[in-house]
Amino acid sequence: MSALVSTTERPQHEECEGQNGPFQYPSTVEALAIAQTGDINVIEKMTLPFPKVNPEDLVVKIEYIGVNFIDTYFRKGLYPLDHFPATIGEEAAGVIVTLPTDPEVLENPYYKRQQFKIGMSVAVTTMGTDETYVSIPWSRTFPTRGVSTKITAASITQIATAITFMSDAYAVSPGDTVFIHTIAGGLGLVFTQYAKHLGAKVIGTTSTKEKAELARRNGADEVILYKDENVVERVRTLTGGIGVDVVYDGVGKDTFEMDFQILKRKGTLVSVGNASGPVPPFSPLKLMAKNHKLVRPSVTNYVATAEEAWEIGGKVFNLITEGVLRVNIYKEYPFTTEGGRQAQIDLTNGKTMGKLVIRVSE
């Protein structure tokens, strides 16, 4: 993950070779940023100095931004920030305006394999993507392989998460029973489709009948309305009292205890997020009752090398172009203070169905 955007780390603009001759970096960028952690009103559209460009970096003109729960964690201060003002966001897509200048990078076999070029559409996954231009290490950049930048910004993080969390965190196999909290959200729908692709049975929770129907259209076998039904009892009924093989929990504090009640013996809990707040400290002895496993992974640590980026990036866009996974975009927002704030409000109020994106430019 690259350094956070800050006024203390940005150089004067300079000239670099572009598609139609030298590209003149602007002196500033527009960004959705925060000057301090706090409530939704700390998000502001700011004018900041152009980001520092390192020799191994690509510079990308951003067209669309993906909105994720992790953005709210940084904004609230649950996850630490090193500098202020700090640009929010970890997922975006746009077009390359300059290439790396480091000779070692240019000779790297994985760099050559990606075939980066000026004007190519790419996904970027790094801290501080909510800007008009991003400077990013080439290994954190993924060619979109013909997928639009809007769909890319809505999918790269969540599909990469599904791929790695359903292989490295827990290897989902045909016949497994997979349980997904908030199954009708952007990540929940991707998890559902990918688990079905892997041959699993999928059970999930959501809040309304409309959301339950959306989850079923995306492959869910059973959907439990957690406001109206006893989730633990329903899971026991659906699994013949055995429990599920794996739980994917992006809720956190409010569902943590329930997870252990619905897991089978030797089942695995994959903690995906903290939408209701972080899980309180607990004793490892909690896992001993049924030999449970607990994993709290980060997709960044599963896609940390150039080789992993090549492999996972390729899988992401193949799954989209081959029609295995459908990307559900719920709403698009403007690149304004109001748009950035409203996107996070809508994300956290439990009323959205699918992915939220912010349009920066086209």
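Which residues in α5 meet residues in α6? This explanation of a predicted model begins with that contact and then proceeds to other helices, to the strands, and finally to several loops.

From α5, the contact takes in Q158, I159, T161, A162, I163, F165 and M166. Their counterparts in α6 are G186, L187, V190, F191, Y194 and A195. Sorted by class, the contact of α5 with α6 has ten nonpolar residues, three polar residues and no charged residues. Two packed helices are described by the angle between their axes and by the distance between those axes. For α5 and helix α6, which spans residues 186–197, the angle is about 50 degrees and the axes are 9 Å apart. An angle of that size lies outside the ranges for roughly parallel, roughly perpendicular and roughly antiparallel, and α5 is therefore oblique to α6. The crossing of these two helices, α5 and α6, is right-handed.

Helix α5, residues 156–169, also packs against helix α11, residues 306–321. Here the angle is about 110 degrees, with the axes 9 Å apart. Because angles from 65 to 115 degrees count as roughly perpendicular, α5 is described as roughly perpendicular to α11. On the α5 side, the residues in this contact are I156, I159, A160, I163 and T164. On the α11 side they are I312, K315, V316, F317, L319 and I320. The contact of α5 with α11 divides into nine nonpolar residues, one polar residue and one charged residue. I159 and I163 appear in the contact with α11 and also in the contact with α6.

A further helix pair consists of α1, residues 69–76, and α12. These helices pack at an angle of about 110 degrees, and their axes are 10 Å apart. They are therefore roughly perpendicular to each other, and α1 passes α12 in a left-handed crossing. Helix α1 contributes F69, D71, T72 and R75 to the contact, while α12 contributes Q344, L347 and T348. By class, the residues of the contact of α1 with α12 are two nonpolar, three polar and two charged.

The next topic is the strands. Strands of a sheet pair through backbone hydrogen bonds, in either a parallel or an antiparallel manner. In this model, three strands form an open sheet in the order β4-β3-β6, with antiparallel pairing. Its edge strands are β4 (43–49) and β6 (86–87), each of which pairs on one side only. Helix α12, residues 337–348, packs on this sheet and touches β3 and β4. The direction of α12 makes about 130 degrees with that of β4. Strand β3, residues 28–34, is joined to β6 by two bridges in the antiparallel sense. Within that pairing, A33 stands opposite T87 of β6.

A parallel arrangement is found elsewhere: four bridges join strand β11, residues 177–180, to β12. One bridge partnership is that of F179 with I203 in β12. Is β12 largely enclosed or open? Five of the six residues of this strand, which spans residues 201–206, are buried, so β12 is largely enclosed by the rest of the structure.

The loops complete the picture. T239 lies in the loop between α8 (231–238) and β14 (244–249). Its relative accessibility is 12%, and T239 therefore counts as buried. Leaving aside residues up to four places away in sequence, T239 touches T177, I203 and V244. K227, in the loop between β13 (222–225) and α8, has a relative accessibility of 61% and so counts as exposed. K227 and K52 are separated by 175 residues in sequence and by 48 Å in space, C-alpha to C-alpha.

Three backbone features remain. Most residues other than glycine have a negative phi, and most peptide bonds are trans. Between F84 and P85, however, the peptide bond is cis, with omega about -5 degrees. P85 is located in the loop between α1 and β6. Q115, in the loop between α3 (109–114) and β8 (121–124), has a positive phi near 55 degrees although it is not a glycine. With 58% relative accessibility, Q115 counts as exposed. N291 likewise has a positive phi, about 55 degrees, and is found in the loop between β15 (263–271) and β16 (293–295). The relative accessible area of N291 is 47%, so this residue is partly exposed.

Note on methods:
Residues numbered from 1 in each chain as written. Predicted model: local features only at pLDDT ≥ 70, side-chain atom pairs only at ≥ 80, totals over all residues. Heavy atoms only, no water. Pairing = 2+ DSSP bridges. Contact = heavy atoms within 4.5 Å. Axes fitted to C-alpha atoms, helices over the stretch in contact; angles between N-to-C directions. Parallel < 35°, antiparallel > 145°, perpendicular 65-115°, else oblique. Left-handed = near helix turned anticlockwise from the far one by under 90°. Nonpolar A, V, L, I, M, F, W, Y, C, P; charged D, E, K, R; others polar. Buried < 20%, exposed > 50% of the residue type's maximum accessible area, 1.4 Å probe, protein only.
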